[in-house]
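Visitor: Please take a close look at a single part of this model, the region around one edge of its sheet, and describe how that part is put together.

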Amino acid sequence: MFGSSNHFSYHRLLKFFQFCLQKFITAMVPKKTTPNLSKGDYFTEPSLEELAAKERDEPGYCCHVTDFVVGRQGYGSIKFLGETDVRGLDLESVVEFNNREVAVYKDESKKPPVGEGLNKAAVVTMLNVKCRSRKTGETYTDGPKLDRYKEKLVKKGQEQGAEFVSFDSVKGELKFRVKHFSSYGIGES
């Protein structure tokens, strides 16, 4: 009754239960549900803390965040229009802000199809965009030089497939809309 064949069956059954338990535990551990971002001068709206709290309260919230924003203090922000799945996004490797330039999926091999991830319609806000004299460094906030500069901004955006939204010369804030992502910049004035 308790011979070696029963002993063998007991070990096989134990191994089977251990395997099943491991699969169950793996399935129950939540996958990364919030984006990753640890660069101190970058931010998200809602904040990472708010995203984590909402995901705890409403499981699945992070797969459809409305008008998700990622930005860098002093450089600008991107508002991704509509619902965005932010689960597990490594924002540090996907979004890069520099002076008067923003890139999303700089590495083309990692860019998802249009409409997926962050490769979607967005409104980009760039900061520190000023109309300045190259000779004197004087900043223009109105007049014909500013009008020409604004025309240049509109043209530069169109060349890159972006739609001009607004330019506040006093704040130095440029807004434009994109249908999907690449690198956008306006260069130096």
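**The sheet edge and its surroundings**

Guide: In the protein, 59% of the contacts with a separation of 6 or more are between residues 24 or more positions apart, a contact being heavy atoms within 4.5 Å. The model is a predicted one, in which local features need pLDDT of at least 70 and side-chain atom pairs count only at pLDDT 80 or more, while totals for chains, interfaces and linings use all residues. Residues are numbered from 1 along each chain as its sequence is written, and side-chain values use heavy atoms, with hydrogens and water left out.

The protein has 4 helices and 13 strands; these are DSSP runs numbered from the N terminus, helices (H or I) having at least four residues and strands (E) at least two. Of its 189 residues, 33% are buried, where buried means under 20% relative accessible area, exposed over 50%, and partly exposed in between, with a 1.4 Å probe and protein chains only.

The part in question belongs to an open sheet of 6 strands in the order β1-β3-β4-β8-β12-β11, with antiparallel pairing. Two strands pair if DSSP finds at least two bridges between them. Strands β1 (42-45) and β11 (163-168) form the edges; each has a single partner strand, so one side of each is left without a neighbour in the sheet. From one strand to the next, the twist averages 15°.

At the β11 edge, the partner is β12 (residues 173-178), joined to β11 in the antiparallel sense over 5 bridges. Within this pairing, Phe164 stands opposite Phe176 in β12, and Asp168 faces Glu173 in β12. The hairpin of β11 and β12 has 4 residues between the strands, and Gly172 there takes a positive phi near 75°. Strand β12 is also joined by 5 bridges to β8 (residues 122-126), again running antiparallel; here Val123 stands opposite Arg177 in β12.

Side chains add a further link between β11 and β12. Arg177 forms a salt bridge with Glu163, the closest N and O atoms being 3.6 Å apart; the term denotes a side-chain nitrogen of Lys or Arg within 4 Å of a carboxyl oxygen of Asp or Glu. Arg177 lies in strand β12 and Glu163 in strand β11, 14 residues apart. Both are partly exposed, with a relative accessible area of 34% for Arg177 and 45% for Glu163. The structure holds 5 salt bridges, including this one.

A helix is also part of this region. Helix α4 (residues 144-159) packs on the sheet and touches β11 and β12, its direction making about 150° with that of β11; axes are lines fitted to C-alpha atoms, for helices over the stretch in contact, and angles run from 0 to 180 degrees between N-to-C directions. Leu153 is a residue of helix α4, and at 6% relative accessibility Leu153 counts as buried. From Leu153 to Phe167 the C-alpha atoms are 8.7 Å apart in space, with 14 residues of separation in sequence.
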